[in-house]
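Hi,

Here is the structure I promised to pass on. Have a look at it first, and my notes follow below.

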Amino acid sequence: MSKRRAAFLTLGCKVNQYETDAMEEILEKNGYDIVSFKETADVYIINTCSVTNMADRKSRQMIHRAKKNNPDAVIVAAGCYVQAAEKEMVEKNMADILVGNNKKKDIAQILEEYFAVKEEEQKVPLVSEVIDINHTKEYEDLTIHKVNEHTRAYIKIQDGCNQFCSYCIIPYTRGRIRSKNPEEVIEEVKNLAAQGYKEIVLTGIHLSSYGKDLGDITLLDVIQRIQQIEDIERIRLGSLEPRIITEQFVKELRACDKVCPHFHLSLQSGCDETLKRMNRKYTTEEYETALNVLRTYYEHPALTTDVIAGFVGETEEEFEKTRAYLEKINLYEMHIFKYSVREGTRAQKMSGHVPEQVKTERSDVLLAMAKRHKSEFEKWYVGRKEKVLLEEIIEKNGKKYFQGYTAHYVKVAVELSENDTKLRQNEVIVVDIQGFIDENLLYGKVSIEF
């Protein structure tokens with residue numbers, strides 16, 4: 001019997017991508033060939049997202065696309081959309097198998113049981129493997145030994161969220177906070193280091209809460225242990241809550257020289273009244289204090305954030321407060337999102353929804369500011385030497401460049417000569433940064449010394 005072919009498609013966040021990588025490994029170990037989603041496969045697995053109504057729609061579209069790819073294939077829908085819409089998916093018979101969160105580790109067994117029934121019967125009823133995620137304390141035991149990226153490995157160490165922001169469905173699809181055992185985290189990082197990965201990115205649904213369910217263990221403890229792993233050169237952190245950024249935390253973090261000076265602190269609004277309606281647990285003053293601590297301990301840190309434009313009830317005055325605040329704190333990158341109604345959240349039922357046109361106008365103002373601030377931040381590097389982790393060869397204006405990222409996650413390109421074989425992917429080099437190829441890309445020459 002020939003090997004079954006399985007194809008994956010991932011929607012949403014880096015945590016989802018990690019879980020897809022882990023499921024791929026599980027199926028490979030169980031004799032499956034992993035193929036592209038565009039190819040004909042026996043099994044299509046869509047790891048869905050449910051962060052917005054648009055994400056729900058995209059999840060449904062990708063399930064439909066898989067059916068078109070091969071009408072005879074087994075269609076598996078997994079993840080957050082399944083967790084949020086199991087009843088509807090069962091009623092509409094959207095897929096052959098539904099796999100909720102905390103059940104992805106069982107993907108091989110679920111498929112084995114499905115195919116066993118299929119061999120006996122012509123038609124197999126829809127299989128739903130979805131638990132009550134809100135009442136589990138179990139951290140799903142998933143591990144990866146390789147990732148799709150060649151230089152940077154994202155490692156999920158935390159799941160769930162206890163914050164219940166008024167616009168967010170994630171606590172209902174991911175459950176309460178759960179942390180990966182630190183010994184297992186270290187073992188996973190060591191395995192990836194042995195595979196040649198130099199940069200580790202720690203991710204989670206609410207990374208700042210890592211360890212709160214494990215007693216005295218904290219996120220800092222894990223970072224300090226990874227710092228000791230010889231072949232790892234960079235430790236990058238996923239999104240953090242502003243309240244974790246205390247002087248003591250940053251002081252100890254600064255002592256770990258492998259930690260990248262690149263911090264994503266979720267903000268969402270620069271207006272305290274709006275933050276209250278969002279049920280965010282900090283003020284703009286507290287957020288700014290966190291930024292100042294990071295700027296005190298790190299030279300020119302790359303500080304990034306997310307901002308929602310046009311949240312429910314946002315007046316012109318509140319938006320102006322946000323605009324002025326963002327201008328003042330002057331971050332490297334701001335990811336601007338127009339508020340999108342999410343069914344099942346408290347914000348959906350609030351009064352004062354902002355018209356779509358107004359949301360677009362406000363978003364455009366913030367996007368223009370974000371572009372300007374990013375450019376100003378990157379100009380600082382011209383004339384400086386920076387370490388760059390090389391990732392891929394690109395072509396710009398007829399010339400070839402080796403492109404990579406600094407520890408601050410600033411993209412830099414090095415021009416390649418026609419016969420250049422010295423530079424290699426996954427190599428850290430020192431670059432004399434000389435200017436911009438275009439408005440989004442710095443370039444430089446390899447430096448002999450640092």
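Let me start with the pocket I liked best: domain 2 (152–380) and domain 3 (384–446) both contribute residues to the lining of the second largest pocket, so it lies between them. The domain bounds come from an automatic or database domain assignment. A pocket here is an open set of points on a 1 Å grid over the protein atoms alone, with protein on both sides within 12 Å along at least five of seven lines, and lining residues have an atom within 4 Å of a point.

Before the rest, a word on the source: this is a predicted model, where local features need pLDDT of at least 70 and side-chain atom pairs count only at pLDDT 80 or more, while totals for chains, interfaces and linings use all residues. Residues are numbered from 1 along each chain as its sequence is written, and side-chain values use heavy atoms, with hydrogens and water left out.

Back to that pocket. Its volume is about 640 Å³, a volume being the space filled by probe spheres set on the grid points, which are joined across faces, edges and corners. The lining has 20 residues, and Asp257, Pro261, Lys387, Ala407 and His408 lie nearest the centre. By type, the lining splits into 9 nonpolar, 1 polar and 10 charged residues (nonpolar is Ala, Val, Leu, Ile, Met, Phe, Trp, Tyr, Cys and Pro; charged is Asp, Glu, Lys and Arg; polar is the others, Gly among them). Strand S14 (residues 385–396) gives the largest share of the lining, 3 residues. Helices (H or I, at least four residues) and strands (E, at least two) are DSSP runs, numbered from the N terminus.

One of those central residues, Pro261, also turns up in a C-alpha pair with Arg295: the two are 34 residues apart along the chain and separated by 9.7 Å. Arg295 sits in helix H10 (residues 284–297) and counts as partly exposed because its relative accessibility is 34% (buried is under 20% relative accessible area, exposed over 50%, partly exposed in between, with a 1.4 Å probe and protein chains only). Leaving out residues up to four places away in sequence, Arg295 touches Pro301, Leu303, Ile329, Asn330 and Leu331, a contact being heavy atoms within 4.5 Å.

What about closed spaces: how many cavities of 30 Å³ or more does a search of the whole structure find? The search finds 1, with a volume of about 30 Å³; a cavity is a set of grid points where a 1.4 Å probe fits but cannot get out. Asp21, Glu24, Glu25, Lys146, Val147 and Asn148 line it, which makes 1 nonpolar, 1 polar and 4 charged.

At the other end, domain 1 covers 5–129, and its C-alpha centre lies 38 Å from that of domain 3. An unreviewed UniProt entry annotates residues 4–116 as "domain: MTTase N-terminal"; UniProt positions are in the numbering used here, feature names are shortened, and annotations may be inferred rather than shown by experiment. That stretch is 49% helix and 21% strand.

Two loop residues other than glycine have positive phi. Asn102, between strand S5 (97–99) and helix H4 (107–120), has phi near 75° and is buried at 1% relative accessibility. Asn426, between strand S16 (411–415) and strand S17 (428–438), has phi near 70° and is buried at 13%.

Cheers
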